[in-house]
Amino acid sequence: MFEGLRFNHWKTSVDDGGIVTLTLDRADSAVNAISRAVLDELGQIVERLAIEKPAGVIVHSGKPSGFAVGADIKEFVRYAEQDSVLENIRHGQQVFESLARLPCPTVAAVHGACMGGGTELVLACRQRIAADDEKTRIGLPEVMLGIHPGWGGTARLPRLIGATEALPVMLTGKALSAGRALAMGVVDRLAPPAELLAEARALLRRPHARPVARRAKAWVTNWWPVRQILAPMVTKQTAAKVRKEHYPAPFALIDVWQRGGASIQQRLKLEARSVAKLAQTPTAHNLIRVFLLQERLKGAGGGVDPGIRRVHVVGAGVMGGDIAAWAAYKGYEVTLQDREMKFVQPALDRARGFCEKKFKNPDKVDATMTRLRADVEGAGAATADLVIEAIYENAQAKRELYATIEPQFKAQEILASNTSSIPLDELRQGLAAPQRFLGLHFFNPVAQMPLVEVVRHDRLDSAIEKRALAFCKALGKVPVAVKGTPGFLVNRILMPYLLEALRLYSEGVPGPVLDREAKAFGMPMGPIELADTVGLDVCASVGKELGPFLGLELPPGIEDKLESGKRGKKDGQGLYVWQDGKPVKPEVDPDYATPPDVQDRMILPMINEAVACLADGVVDDADLLDAGVIFGTGFAPFRGGPIQYIRSEGVAVVRSRLDQLAQRHGERFLPKQGWDSPALGGVAATVPSQSSP
């Protein structure tokens, strides 16, 4: 059937029954990313299939890791640079539409990750079967890149499962498990992984009839009058979560769906034009850059065996307990130490609750909890490959602890501190093997925050650093290596923002106004709500630790709150009153006039300190700084990070705004060392430029 045709990325076979199997196996790649070459070859194959009319076609992946991770993002960047996004989107649509129009049954057999363009490929098949496995994930995450599905996803998914189900999938970008995909009708059947292809053949022979109720729902929710009613409702719901000026893609997606008619060609045309327009926005430029930076961080621990099987955590507080729980969840044998069992038990209870939410399977919960053991005596330190110290922030107490732990080590054990601000050159004093000591600074909540700062010092062995980076990767975290100066990267940049916000609060600017202004800039949470969430005691502790180094003081009023036991969310009262885990924010006088420079006063200290961090070599380059701040603080992703913000606004413009603040409010706003760095005006070659998405 395919005589004379040679393919680099597809393997073809025909069985005795005339069923053709197409295996996507992109050459020279561990994963399937759908490139122009992959699409060109698929186009040739489908053209031949349309002529030959086989008994059926199965599309699946030859990669053990999964079906397809989506479109080739780096190739998409080049299209944007060449202004050829529209042409290439239309090309992919044409290939998938040709697949959808084949005069024979088609089945996509999905295992592992099936994302973006991979999901659009399977949607172009008549039916879908997925491996009944926890690794199976199906999704359309394009909104996270500042665009939306462009190879037919916005046209086909709503027609398949109904708009009320399809729109949330595309607007959130969240992936579906195999079971959820089946329940929603995205796939027609599940199969044991080992029997996936056999069951796909059976599905070809006996197609699954879609329930009448599901077909009716899909038709009704896409009927033109219903679309005109639903679209404004969905737009309003979306606007409550994100701002259109910050993230235009979700709103563009709703518009494409609302205007799309009965004709698939019209819907595809609207979709292609919309994606091409979004690809030129600064939001898409920056979000794609952030995605590539994330991939760079994930690759930091690649190709190295961390040599860690057993982990011992000292300190069963919120951070230590949650680090231990996460490590056990990820398959490590973990022992958790504290002074008494009464301090360890709450951490074990939290871990069980976390596992029950994650697994919904008692056997898996029990298996994880078996790996996590209380160890009041600290015997696990002697057999651990890694010991993580997570006690309170006191340098002397930490050094005294190390003096009891280090003599128990036998070979190449690593000792790590979860300190959030104490310089490691100070903590390593007195260690017999400082070369095997470093910082592993996790962020709260551990299960949600992706970043881990791998903290260096002047005696650290580079091989140990690589093992630590690999360990973070194995935990599913994104690590960034940072210099062990006070506050490291994230807290050093975050504290000027928080302290200035608290100063504004003490000056009488209402907390809700400060939170509103920060969120208007793009921060995920306002600084007053954040201070209460972190805890005013923690803010004060870190502020006192970093204050002398940063040249900042703790604003008035915080100590009074602490003395009266009002630490924030954990006490039910701080700067706000908290009820059911949520802040009760007071009403602001409608006649209150917000000072015009409030946003700059909060945000520019972060930007200024980021420049100083770059000048001090806290991270290896500007791209790592942006990535670390975004993943560690939630700094507006659509702005691309502090350094990218300077580039987009202009060095002279931002520096002038700092000078003006210094004249009005004090020397703490004076531009710090590093504003003459070439890195502020250019972009490293490892990621796309500002003119590229």
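**Exercise 1. Work out how aspartate 620 is joined to arginine 456, and what parts of the chain the pair connects.**

Solution. Aspartate 620 forms a salt bridge with arginine 456, and the closest N and O atoms of the two are 3.0 Å apart; a salt bridge here is a side-chain nitrogen of Lys or Arg within 4 Å of a carboxyl oxygen of Asp or Glu. Aspartate 620 lies in the loop between helix 25 and helix 26 (622-633), whereas arginine 456 lies in strand 19, so the pair ties together parts that are 164 residues apart in sequence. Helices (H or I, at least four residues) and strands (E, at least two) are DSSP runs, numbered from the N terminus. Aspartate 620 is exposed, at a relative accessible area of 51%, while arginine 456 is partly exposed at 22%; buried means under 20% relative accessible area, exposed over 50%, and partly exposed in between (1.4 Å probe, protein chains only).

The model is a predicted one, in which local features need pLDDT of at least 70 and side-chain atom pairs count only at pLDDT 80 or more, while totals for chains, interfaces and linings use all residues. Residues are numbered from 1 along each chain as its sequence is written, and side-chain values use heavy atoms, with hydrogens and water left out.

**Exercise 2. State how far the model can be trusted along the chain, using pLDDT, the predictor's confidence in each residue from 0 to 100.**

Solution. The chain averages a pLDDT of 93, and 98% of the residues score at least 70. Over residues 683-693, however, pLDDT stays under 50, and for this stretch the model has 33 contacts beyond four places in sequence, a contact being heavy atoms within 4.5 Å.

**Exercise 3. Place the salt bridge of lysine 298 and glutamate 295 in its helix, and set it beside other salt bridges of the structure.**

Solution. The structure holds 44 salt bridges. In one of them the side chains of lysine 298 and glutamate 295 meet at 3.8 Å, N to O. Because these residues are 3 apart in helix 13 (residues 282-298), about one helical turn separates them. An α-helix has 3.6 residues a turn, so residues three or four places apart point the same way. Lysine 298 is partly exposed at 35%, and glutamate 295 is likewise partly exposed, at 36%.

Glutamate 649 and arginine 657 also meet in a salt bridge, at 3.3 Å from N to O; here glutamate 649 is partly exposed at 34% relative accessibility, but arginine 657 counts as buried at 17%. Finally, Glu500, Arg503, Glu507, Arg601 and Arg668 are linked in a network of salt bridges.

**Exercise 4. Analyse the aromatic pairs that tyrosine 329 makes with phenylalanine 354 and phenylalanine 359.**

Solution. A search of the whole structure finds 11 aromatic pairs, where rings of Phe, Tyr and Trp (its six-membered ring) pair if their centres lie within 6.5 Å, and planes under 30 degrees apart count as stacked, over 60 as edge-to-face and the rest as tilted. The ring centres of tyrosine 329 and phenylalanine 354 are 5.3 Å apart and the planes stand at 80°, so this pair is edge-to-face. Since tyrosine 329 lies in helix 14 (residues 318-329) and phenylalanine 354 in helix 15 (residues 341-359), the pair ties together parts that are 25 residues apart in sequence. Phenylalanine 354 is buried, at 18%.

The pair of tyrosine 329 and phenylalanine 359 is tilted, with 5.5 Å centre to centre and 50° between the planes. This pair, too, runs from helix 14 to helix 15, and so it ties together parts that are 30 residues apart in sequence. Phenylalanine 359 counts as partly exposed at 21%. Trp326, Tyr329, Phe354 and Phe359 form one aromatic cluster.

**Exercise 5. Describe how helix 22 is covered, and by which elements.**

Solution. Helix 22 (residues 527-534) is mostly covered, as 6 of its 8 residues are buried, namely Pro527, Ile528, Glu529, Leu530, Ala531 and Asp532. These buried residues pack against helix 20, helix 21 (511-521), helix 23 (536-550), strand 21 (577-579), strand 22 (582-584) and helix 25 (598-615). Helix 22 is followed by glycine 535, whose phi is positive, near 115°.

**Exercise 6. Characterise the surroundings of leucine 451.**

Solution. Leucine 451 lies in strand 19 (residues 451-456) and counts as buried at 1% relative accessibility. Beyond its neighbours within four places in sequence, leucine 451 is in contact with residues including His441, Phe442, Val480 and Phe631.
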